[in-house]
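The following note is offered to a colleague who is meeting this structure for the first time. The points below may be read alongside the sequence and the model.

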Amino acid sequence: MKRFIPILFLVAAVSLASCQKELAGDALYDGMGRIEIALAAGDGVFITEETKAGDSDPSIEDVVFTISGTTAQGAQVVGQPLDIVQRETTACCYFMAGTYTITAVYAPSDAEEGIGALCYSGTSEEFMVDVAGNTGAIPILMEPSNSRVNIVFDSSLKEFYSSVSVGFTSPRSVSFSSSDVGSDGRLTVYLPSGAAGVYGITATRLSGSGSADIGITGLRLPALKDGEQPLLLEAGKEYIIKVKFAPGGIAVFLDGDSAPVYTSEETWDGLFS
């Protein structure tokens, strides 16, 4: 079952009549057919009560549309930006007759190359444009296009260390500091999918705690287990990393695993339990 975004969902009779009333007869678009696009968001890992906080559904105002296909005269069109002339509950535009698909991409201003915020994308099914009429609403299902990583530090961080930093070297180079960690000890990171995540964690000792500065690098996400081929970050998937500290020690767990994927000590049982 798909969850439709109310602000984007087509209210068929009303939006269709509005688009036709305002745009029909415009001389700039003589010889072109009118296209109407309706966006919807599908159910996904990100769309839950626990993980929804801080994310926003894609607004039609911020979506970039491109069109690909073949014109009625046989010319190829590849990734041509669409000139959207109206954006309300649906997006309206005009294009030459032919058979096409439309791709929609939503990337917030604070998301650069899939880092920093949740991004969406989607592609329509193939449809035909006829200069003599209206295509009707072309639905595009928008799904998350990047991956989310939640790194959860337990209370032992503040007990033994004054600050922590996390740095990713793959799929992009990006770093985060203690100021990016929420009051619940959670650091939320968005990363491009289709590559392995490689990261490191560094913690600075708290004066008088008896601990020492620690640092680890080269950790992989998803974790690579013995005999497995390298795994890649999947679009729309959430990864949870849990981190525990001890004086001079650190253990990193993946959600659902009882044993750490990394520990700075030869044995972790007891020290990090």
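**Notes on the cores, sheets and a buried loop residue**

1. Isoleucine 201 makes contact with Phe153, Val164, Ser165, Val166, Ile214, Gly215, Ile216, Val243, Ile250 and Val252, when its neighbours within four places in sequence are set aside. The model in which these contacts are found is a predicted one.

2. Ile201 also belongs to the largest nonpolar core, which has 32 residues. Together with Ile151, Phe153, Phe168, Ile241 and Phe245, Ile201 is among the members that touch the most others in that core. Separate from this core is a second one of 25 residues, whose members include Ile37, Leu39, Ile138 and Met142. In soluble globular proteins, nonpolar side chains tend to be buried together.

3. Taken as a whole, the chain contains three helices and 18 strands. It has 273 residues, and 43% of them count as buried. The exposed area is about 13800 Å², of which carbon and sulfur atoms supply 52%. When contacts between residues at least 6 apart in sequence are considered, 66% of them join residues at least 24 apart.

4. One open sheet comprises four strands in the order β12-β11-β14-β15, paired in the antiparallel sense. Its edges are β12 (174-176) and β15 (214-221); each has a single partner strand, so one side of each lacks a neighbour in the sheet. From one strand to the next, the twist averages 15 degrees.

5. Within that sheet, β11 (residues 161-170) pairs with β12 over three bridges, in the antiparallel sense. Here phenylalanine 168 stands opposite valine 174 of β12. Phe168 is also one of the residues named above for the largest nonpolar core.

6. A further open sheet has five strands, ordered β13-β10-β16-β17-β18, with mixed pairing. At its edges stand β13 (186-192) and β18 (262-263), each with a single partner strand, so one side of each has no neighbour in the sheet. Strands β16 (residues 238-246) and β17 (residues 249-254) are paired in the antiparallel sense over six bridges. Alanine 246 stands opposite glycine 249, which lies in β17.

7. Is serine 124 buried or exposed? The residue is located in the loop between β7 (120-123) and β8 (127-129). Serine 124 counts as buried because its relative accessibility is 7%, and the cut-off for burial is under 20%. Not counting residues up to four places away in sequence, serine 124 touches Thr101, Ile102, Ile138, Pro139 and Ile140. Of these contacts, Ile138 is also a member of the second core.

Key:
Residues numbered from 1 in each chain as written. Predicted model: local features only at pLDDT ≥ 70, side-chain atom pairs only at ≥ 80, totals over all residues. Heavy atoms only, no water. Helix = DSSP H or I, 4+ residues; strand = E, 2+ residues; numbered from the N terminus. Buried < 20%, exposed > 50% of the residue type's maximum accessible area, 1.4 Å probe, protein only. Contact = heavy atoms within 4.5 Å. Pairing = 2+ DSSP bridges. Axes fitted to C-alpha atoms, helices over the stretch in contact; angles between N-to-C directions. Areas by Shrake-Rupley, 256 points an atom, 1.4 Å probe, with all protein chains shown as cover. Core = buried A, V, L, I, M, F, W, Y, C linked by side-chain atoms within 4.5 Å.
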